[in-house]
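The following paragraphs lead through an assembly of protein and nucleic acid, beginning with the protein contact. Please keep the structure in view while reading.

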Protein chains: 2
Amino acid sequence: MSEVKAAGGGLRERKKRATRAALAEAAVRLAAEHGAEKVTVEAISAAAGVSVRTFFNYFDTRDDAFVVVDVDTGARIRRAVLDAPAGLSPLEAVRDAMAAELAEAEQQHELWRLQAEVLHASPHLLARGVGAHMAAEADLADAVAERLRAAGGGDRRGAGPGSGATSGTTPGLYPRLLASVASTAVRASMDYWSTHQEEAAFLDVFHEVFRLLAAGLPAPSA
Amino acid sequence: MSEVKAAGGGLRERKKRATRAALAEAAVRLAAEHGAEKVTVEAISAAAGVSVRTFFNYFDTRDDAFVVVDVDTGARIRRAVLDAPAGLSPLEAVRDAMAAELAEAEQQHELWRLQAEVLHASPHLLARGVGAHMAAEADLADAVAERLRAAGGGDRRGAGPGSGATSGTTPGLYPRLLASVASTAVRASMDYWSTHQEEAAFLDVFHEVFRLLAAGLPAPSA
DNA sequence: GGCTAATTTTGCACGTCGTGCATCTTTGCA
DNA sequence: TGCAAAGATGCACGACGTGCAAAATTAGCC
């Protein structure tokens, strides 16, 4: 079921990662050219030089190939949130963790840009993207809850179940909200930026979005 | 392609709405009982007393049946946002519009509850729900932009493209962000509430979420 | 009631998706 | 080199989703 191991030095792991990347890239390029709905699994597989059956060894769904997310992004963000300076608010910690990750992702400029176009062209895939990030969202909520717990020390008003979480229990309302809102913020930033690529840099949009969130989404005229 | 007309007195329209509702209800009930993935279109169609082909006359996708959203919810919310008292902030206007809509939805208590369970059980469908609300999200962004334009009058700092929108142009960053964050807030509320139905009323969770948003998502301990 | 036109439902054929299973090939290791 | 583990492939099969044309239902009219 699309098992994917973390970075390993072995030749096997390396090849698997390469194949997965090749499939994802082929999917995005074909979708950018012909439209996502017109791209069959057969075409993607052929472009990547593997059989159709193999495609489904890497992705559970055709659409997953367009949305591909680096598997250990979640783990890195979790760590960044936990390791962030104690002075930062949860929102700031999450912002910085995501910014670092996005800056990295933006390095493969062309492919990322193509993907943004593809996702923007068919909202259907945007939703799939949200789904792909949903597990990561849960992890993020956990990380936030744990950070709260660490910061709160003995007296952890609002960190226990109800608005936070003890490690091992399910996160409360606040961590979940923060995680989902932050994910949405990324999506909104990408969506806006993908239609204004010439006017603004993505990271500028991203930071403006978090500024608005931290300010409580006040009317822009005020 | 899943054409659905607004409320009409004709016998034809009435029957279409009834069939659609019957299909959606059958889908949710079957999913709640057997798990969403195990429910075939054939089973849903049989339960609703129509042919498989007819199912696809009402829904583009099997999953759409689980996620069904009242088609003119979007229009009602738009109107509520525009008609809200001038003293309310955009966030408050959106909150109240959504609260009214959700209070209405909660009237079919049992079915709504079942649906919440089904969606929560398979995150896959939650994502589909987001997708279903995506168009509504764009409408909401438009409404927010228009409200800003109306409130700002001649001097509409931040309402024009860039952070708002003139009616007819595509919404700026702020309206899009507000719309997507508000939608996410609803989703987060439902998600949390669906695991705490005994402890808290849904609308209480909902209002707490918007309180947190308006406060800029501060750490709960502060 | 009966007739006609419009709309809806239905069956059928077809292509694509996604999965289980058996087999073959490649990799890792001694 | 030879053996064991893991991945790739082909094949069969059920389910999804769509176009098309025929049958059934409804609305409007006499």
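In this predicted model, the contact between the two protein chains draws 46 residues from chain A and 46 residues from chain B. On the side of chain A that touches chain B, at least two residues each are supplied by α6 (90-105), α8 (123-152), α9 (173-194) and α10 (202-214) of chain A. The largest share belongs to α9(A), with twelve residues. Sorted by class, this side of chain A comprises 26 nonpolar, 13 polar and seven charged residues.

How is chain A to be laid on chain B? A turn of 180° with a shift of 0.0 Å along the axis achieves this, with an RMSD of 0.1 Å. This is therefore the relation of a two-fold axis. Within chain A, the C-alpha nearest the axis belongs to Gly216(A), at 1.9 Å from it. Both copies use the same surface, since 100% of the contact residues of chain A recur in chain B.

The account now turns to the nucleic acid. Around DNA strand C there are 19 residues, of which Leu11(A), Arg62(A), Val50(B), Ser51(B) and Thr54(B) come nearest. Both chains take part through their helices: α1 (11-34), α2 (41-48) and α3 (52-58) of chain A, and α1 (11-34) and α3 (52-58) of chain B, each supply at least two residues of the surface near DNA strand C. Which classes of residue make up the surface near DNA strand C? Eight residues there are charged, seven are polar and four are nonpolar.

Technical notes: Residues are numbered from 1 along each chain as its sequence is written. Chains are lettered from A and ligands numbered from 1 in the order in which they are written. This is a predicted model: local features need pLDDT of at least 70, side-chain atom pairs count only at pLDDT 80 or more; totals for chains, interfaces and linings use all residues. A residue is near a molecule or strand if its C-beta atom, placed from the backbone, lies within 6 Å of it. Helices (H or I, at least four residues) and strands (E, at least two) are DSSP runs, numbered from the N terminus. Ala, Val, Leu, Ile, Met, Phe, Trp, Tyr, Cys and Pro count as nonpolar, Asp, Glu, Lys and Arg as charged, and the others, Gly among them, as polar. Two residues are in contact if their C-beta atoms, placed from the backbone, lie within 7 Å. Copies are superposed by least squares on the C-alpha atoms of residues with pLDDT of at least 70 in both.
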